[in-house]
Amino acid sequence: TRRQFLILGVAYILATLGVIALASLIGPDADEIEAITSKTEDMAEVLANPLVQQDMLLRLALTLPVSLVFWHTPALVLWGHVPAVKALFFSLVASWRNLGAFVVYGLGWAGLMLLLAVVARVLMAALPVPALVDGVAMVTGMGLAAGFYASLYFTVIDCFEPPDQTVNLDTPTSGQS
């Protein structure tokens, strides 16, 4: 299992480096992004810059397929004892077959994160104690992250486990009257 996880780790590193290289080739120039971030002190100004937004969206769009390919692989290697290459293939197929469900899943989590950001902004405006707002936002963010990672288990189960054969208690089975 360790060898398979090592293979997965190396494959993920290579895929991530490929995403970075591709984003550097087709995206905004890294020197321009560096100039924007170095001369602007306010992070809100940096994030409002269209060039920075374009770079972030491109990197997100290129990273998303890599994430979907690797989505189920750790569980398949650990619990299913599937070799790393097969786990990548099975994860790719499961992600593709359930793409609509994963879009809804991702939009739901993105909505929760956006809601958390809005609530944090409202609290910052309403409360004059920034440390309190930061603490509440950090604890809430950690809870949200824990919920997200816990929900990953159910995505694996729903994609790879057969449905339970439950007994219907309303209809009598053979031998009962």
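**Entry 1: ground rules**

I sort residues by class like this: Ala, Val, Leu, Ile, Met, Phe, Trp, Tyr, Cys and Pro count as nonpolar, Asp, Glu, Lys and Arg as charged, and the others, Gly among them, as polar. What I have open is a predicted model, where local features need pLDDT of at least 70 and side-chain atom pairs count only at pLDDT 80 or more, while totals for chains, interfaces and linings use all residues. Residues are numbered from 1 along each chain as its sequence is written, and side-chain values use heavy atoms, with hydrogens and water left out.

**Entry 2: pockets**

I looked up pockets next. On a 1 Å grid over the protein atoms alone, a pocket is an open set of points with protein on both sides within 12 Å along at least five of seven lines, whereas a cavity is a set where a 1.4 Å probe fits but cannot get out; lining residues have an atom within 4 Å of a point. Grid points are joined across faces, edges and corners, and a volume is the space filled by probe spheres set on the points.

The largest pocket comes out at about 470 Å³. I find 16 residues lining the largest pocket, and L60, L64, S67, W71 and G106 sit closest to its centre. Helices here are DSSP runs (H or I, at least four residues; strands are E, at least two), numbered from the N terminus. α4 and α7 (99-126) are the elements that give two or more residues to the lining of the largest pocket, and α7 has the largest share, eight residues. By class, I get 13 nonpolar, three polar and no charged residues in that lining.

The second largest pocket has a volume of about 170 Å³. Its lining is W71, P74, A75, L78, W79, L152, Y153, T155 and V156. α5 and α8 (130-160) each supply at least two of these lining residues, with α8 giving the largest share at four. The class split for the second largest pocket is eight nonpolar, one polar and no charged.

**Entry 3: the core**

I then went after the nonpolar core, a set of buried Ala, Val, Leu, Ile, Met, Phe, Trp, Tyr and Cys residues joined through side-chain atoms within 4.5 Å. Buried means under 20% relative accessible area, exposed means over 50%, and partly exposed is in between (1.4 Å probe, protein chains only).

The largest core holds 13 residues, and L8, L62, F70 and A87 have the most contacts inside it. Each of α1 (2-26), α4 (50-70), α5 (73-78) and α6 (84-97) puts in at least two residues. Which helix gives the most to this core? I get α4, with four residues. Contact, for my purposes, means heavy atoms within 4.5 Å. Skipping its neighbours within four places in sequence, L62 touches V19, L22 and A23.

**Entry 4: aromatics**

I count rings of Phe, Tyr and Trp (its six-membered ring) as a pair if their centres lie within 6.5 Å; planes under 30 degrees apart are stacked, over 60 edge-to-face, and the rest tilted. The structure has 11 aromatic pairs.

I picked out Y12 and F70, an edge-to-face pair at 4.9 Å centre to centre with 85° between the planes. Y12 is in helix α1 and F70 in helix α4, so this pair ties together parts 58 residues apart in sequence. Y12 is partly exposed at 36% relative accessible area, but F70 counts as buried at 13%.

Y153 and F154 also pair edge-to-face, with 5.2 Å between centres and 80° between the planes. Y153 is partly exposed at 42% relative accessibility, and F154 is exposed at 51%. I also noted one aromatic cluster made of W71, F102, Y105, W109, F148 and Y149.

**Entry 5: odds and ends**

Where is H81 found? I located H81 in the loop between α5 and α6. Its phi is near 55°, a positive value in a residue other than glycine. H81 counts as exposed at 62% relative accessibility.

N98 belongs to the loop between α6 and α7 and is partly exposed at 27% relative accessibility. I get 39 Å between the C-alpha atoms of N98 and M124, which are 26 residues apart along the chain.

S24 is in helix α1, partly exposed at 40% relative accessible area. C-alpha to C-alpha, S24 and F90 are 30 Å apart in space, with their positions 66 residues apart in sequence.
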